[in-house]
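Please look over the sequence and the structure shown below. A short report on them follows.

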Amino acid sequence: IECHACKEWFHGDCVGILEKEADQIEEYYCTCCQNSHGPSKLKSNLARTSHKPEEFELIEHPAIKNFYQALDDTSFLDSSHVVTYLANGTSFSIDYVYDNTLQ
């Protein structure tokens with residue numbers, strides 16, 4: 001991966017970046033250049049959404065694994081009975097969203 005500031009190239013393994021993670025980085029800054037340029041910058045969400053989620057496989061990171069495990073272990077209340085009413089008196093429900101969004 002190339003440092004956006006000094007233009008030096010680094011092996012991903014040497015700087016702790018997997019190849020699939022490198023594709024998500026807009027501007028990479030090495031440890032020397034981070035002092036003057038700040039941290040590396042990720043691509044915008046819009047640019048990243050062109051990929052299928054399974055291509056990223058971020059679950060390999062320990063923090064992500066812990067988050068998914070905690071999420072799997074959590075039971076959520078059924079929210080299908082929750083209805084919010086709009087100013088005109090109509091209900092804001094999933095049906096309203098489907099009926100009133102561009103398709």
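## Tyr28 and its surroundings

Y28 is buried, with a relative accessible area of 7%; buried means under 20% relative accessible area, exposed over 50% and partly exposed in between, with a 1.4 Å probe and protein chains only. The structure is a predicted model, in which local features need pLDDT of at least 70 and side-chain atom pairs count only at pLDDT 80 or more, while totals for chains, interfaces and linings use all residues. Residues are numbered from 1 along each chain as its sequence is written, and side-chain values use heavy atoms, with hydrogens and water left out.

Y28 takes part in an aromatic pair, and the count of such pairs is one. Rings of Phe, Tyr and Trp (its six-membered ring) pair if their centres lie within 6.5 Å; planes under 30 degrees apart count as stacked, over 60 as edge-to-face and the rest as tilted. The ring centres of F10 and Y28 are 6.1 Å apart and the planes stand at 65 degrees, so this pair is edge-to-face. F10 lies in the segment before α1 (12-15) and Y28 in the loop between β1 (25-27) and α3, so the pair ties together parts that are 18 residues apart in sequence. F10 counts as partly exposed, at 27% relative accessibility.

## Chain and confidence

The protein chain has six helices and four strands. Helices (H or I, at least four residues) and strands (E, at least two) are DSSP runs, numbered from the N terminus. Read from the N terminus on, the order of the elements is α-α-β-α-β-α-α-β-β-α.

The predictor's confidence in each residue is given as pLDDT, from 0 to 100. The protein chain averages a pLDDT of 75, and 65% of the residues score at least 70. Among the elements, helix α3 (residues 31-37) has the highest mean pLDDT, 91, and helix α4 (residues 45-48) the lowest, 52.

## Core and contacts

Of the 103 residues in the protein chain, 10% are buried. In soluble globular proteins, nonpolar side chains tend to be buried together. A nonpolar core is a set of buried Ala, Val, Leu, Ile, Met, Phe, Trp, Tyr and Cys residues joined through side-chain atoms within 4.5 Å. The largest one here has seven residues: C3, I17, I25, Y28, Y29, C30 and C33.

Contact means heavy atoms within 4.5 Å. Leaving aside neighbours within four places in sequence, Y29 is in contact with residues including C3, H4, Q34, H37 and P39. With the same neighbours left aside, A22 is in contact with I1 and I17. A22 lies in helix α2 (residues 19-22), and its C-alpha atom is separated by 10.0 Å from that of E2, 20 residues apart along the chain. Residues 24 or more positions apart account for 31% of the contacts with a separation of 6 or more in the protein chain.

## Cysteines and a salt bridge

How many disulfides does a search of the whole structure find? It finds zero, a disulfide being a pair of cysteine sulfur atoms within 2.5 Å. C30 is in no disulfide, and the nearest cysteine sulfur, that of C33, is 3.6 Å away.

A salt bridge is a side-chain nitrogen of Lys or Arg within 4 Å of a carboxyl oxygen of Asp or Glu, and the count comes to one. K41 forms this salt bridge with E27, with the closest N and O atoms 3.6 Å apart. The pair links distant parts of the chain, K41 in strand β2 (residues 41-42) and E27 in strand β1, 14 residues apart.

## Accessibility of further residues

K7 is found in the segment before α1. Phi of K7 is near 70 degrees, a positive value in a residue other than glycine. The table gives the accessibility of K7 and other residues.

| Residue | Relative accessible area | Class |
|---|---|---|
| C14 | 63% | exposed |
| K7 | 46% | partly exposed |
| K41 | 39% | partly exposed |
| A22 | 25% | partly exposed |
| C30 | 4% | buried |
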